[in-house]
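Visitor: I have just opened this model and would like to talk through its chain contacts. Could we start with charged pairs?

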Amino acid sequence: MHYCPGCGHGTTHRLVAEVIDEMGIQDKTIGIAPVGCAVLAYNYFDVDMQEAAHGRAPALATAVKRLMPEKFVFTYQGDGDLAAIGTAETVHAINRGEKFVIIFINNGIYGMTGGQMAPTTLEGMPTSTSPYGRELDLMGNPLKITELVANLPGAYFVTRQSVHTPANVRKAKKAIKQAFENQAKGHGTSFVEIVSNCNSGWKLTPIKANEWMEQNMFPFYPLGDIKVDGKLVK
Amino acid sequence: MAKIVGDIVIDVEKCKGCGVCVTGCPQDVLILGKEVNAKGYNFVVKQNNKCIGCANCAMICPDAVITVYRAKIEE
Amino acid sequence: MMKELRLMKGNEALAEAAIRYGADGYFGYPITPQSEVIEYLMAERPERRTGMVVLQAESEVAAINMVYGGAACGKRVMTSSSSPGVSLKMEGVSYIAGAELPCLVANIQRGGPGLGTIQPSQADYFQATKGGGHGDYRMIVLAPASVQEMSDFVSLGFDLAFKYRNPAMILSDGVIGQMMEKVELQPQRARRTEEEIIQECPWATTGKPATRGHNIITSLELDPGRQEKFNLKLQKKYKEIERNEVRYEEINCDDADYILVAFGSSARICQKAMDIARAEGIKVGLLRPITLWPFPYKPIKTLAQHAKGFLVVELNAGQMIEDVQLAVAEKVKVEHFGRYGGIIPAPGEVLEALKSKVIGG
């Protein structure tokens, strides 16, 4: 995999693949890759994959699932893809209650293009397009897209996890499995956010990046379930 | 009494030397070595034989570098 | 079997033809003057008639990307819109062309640029035939001139799209979309089963069985050498389409001194202008390109050996004329007559233009 050392993408990929394997649904799973660091995700999953235009994965997934309702469909998207350019597709697909899984990697930065400001970049966080830190009056607020979509009636399961410690990896896997099981039962959209690191973009070592994530990302993006079985729990 | 012992195999060429497994190991088995692999990364190595086979390292490794073996030994 | 004739709007005929062709999905967004397509589909309940999926998307952008996702599964999927909406779809069309996916896009053109008017226009000729989206790609472009062709070109468009794994467009306009005519409907075809799709489209993302590697639908290539190779492969395909799929209609061209070249609604106006001219003793013929890409360069080149001049009539400021000029190669005079922004010329205006610009000019 082409990801930087310590990047949460690799771990999350593995968890999704493990769930597909454990559920025995490899032959009926279709994945949609985003534009961003995970653009090449289609090379790493041994299932049929489509590569979407930037932000459009939920539109592709909508058609795939509606045209082949017996298949398992998931999108894998980053914060720029899902919460900036693809906000409309994300919100409307979930609001329609499209019956697929969205895996959302939130690292608060555009990794692939070289560390620019993302919709989820924290206040004061320096990026290459907010070099003096994100200034809210100038650049707007970080977007809690997960809380936003949790309030949509079509969202069945919304959770925020991380993959930076063994315990968190276990929890994240449980959440991803829950999401795919929801799809098997024909429920609405299941949305799993993984708050992740971007060592290269944050300009920290992998270990330091994980510490920084705990200290700065988690207070703003608290881990845990937000909506379970169609009911808000937070 | 039965004792669980573990061991790991590190696929050194896949390792990117991020070190998150080092922090994830409760037994301080792992350490980033001085040698580099073909990619130029200081890959992770074992520094003791205290592995209990908990698989935390494999769980947290982003690149599926570590394979964990576990055995139950009757004492 | 009795012919099934119906009086229909062009947009409705297009929609009905999609159901009867056995299309798997339609994804659209309302815009005048094409909203009847999705209105008709929603009213017809194609999910009950054939199991066809019809969905009103949140935008034209989403709609074309739904088409991308469906096409990647080997499904027969389509969308339709009008000019401003088609501009929004161009990103998706480029990806679809780059991923070599078959689909059908209908553009019921209106006046532009920008929001323009809601009246008929043919000002998206360049967009349809020369690119529209980014990158070196081509779309098969069919220009219907009747409600019958709005119906017939659905199957033709899908057939060509699947034959070449390439997006096809029906480039219509507000005249053809909105007018009512008699149309002979095609018999209902069955939608393909999953087995048939897997057989016809082994590249499709239908779910990976143990017997093959995973299928990937993408337009991404990081290696410029490989990307160039892919571009060359695309160009080879386009050349093949240019060789095999040129379609046009010639009326009274054999003895004609003057040739009108027009597509779609303009061709109908020209047909009347031609009749008036002939009644006046002026030998006028009409060449109507049916495929705008691939363009009928050869028949126009042949006509240029005998004709005294050409008048290209379009509801735009002069777009197809560039292709006619290429074909005629300055052998004889090629002039343009157009009205813009939703104004439709009367046949008399066309004849006047022929007289003043080509015959007398």
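Guide: Between chain A and chain C there are five salt bridges, a salt bridge being a side-chain nitrogen of Lys or Arg within 4 Å of a carboxyl oxygen of Asp or Glu. One of them joins the side chains of C:K208 and A:D46, at 4.0 Å from N to O.

Visitor: Before going on, what are the ground rules?

Guide: This is a predicted model, in which local features need pLDDT of at least 70 and side-chain atom pairs count only at pLDDT 80 or more, while totals for chains, interfaces and linings use all residues. Residues are numbered from 1 along each chain as its sequence is written, chains are lettered from A and ligands numbered from 1 in the order in which they are written, and side-chain values use heavy atoms, with hydrogens and water left out.

Visitor: How many residue pairs are in polar contact across the interface of chain A and chain C?

Guide: The rule finds 18 such pairs, both residues being at pLDDT 80 or more. A polar contact is a pair of N or O atoms within 3.5 Å; within protein, one must be able to donate a hydrogen and the other to accept it, and residues adjacent in sequence count only if both atoms are side-chain atoms.

Visitor: Which elements give two or more residues to the side of chain A that touches chain C?

Guide: They are β1 (29-33), α2 (41-44), β2 (48-51), α3 (57-67) and α5 (87-95) of chain A. Helices (H or I, at least four residues) and strands (E, at least two) are DSSP runs, numbered from the N terminus. The largest share, seven residues, comes from α3(A).

Visitor: And how much area is buried between chain A and chain C?

Guide: About 2700 Å², with 61% of it on carbon and sulfur atoms; buried area is the accessible area (1.4 Å probe) that two parts lose on being put together, summed over both. A:Y42, A:D48 and A:L67 supply 23% of the area that chain A buries against chain C, more than any other three residues.

Visitor: Which strand of chain C is joined to β2(A)?

Guide: Strand β9 (residues 216-217) of chain C runs parallel to β2(A), with two bridges between them; strands pair if DSSP finds at least two bridges. A:M49 stands opposite C:I216 in β9(C).

Visitor: Changing topic, how far apart are chain B and chain C?

Guide: Chain B and chain C do not touch, and their nearest C-alpha atoms are 20 Å apart. Contact means heavy atoms within 4.5 Å.
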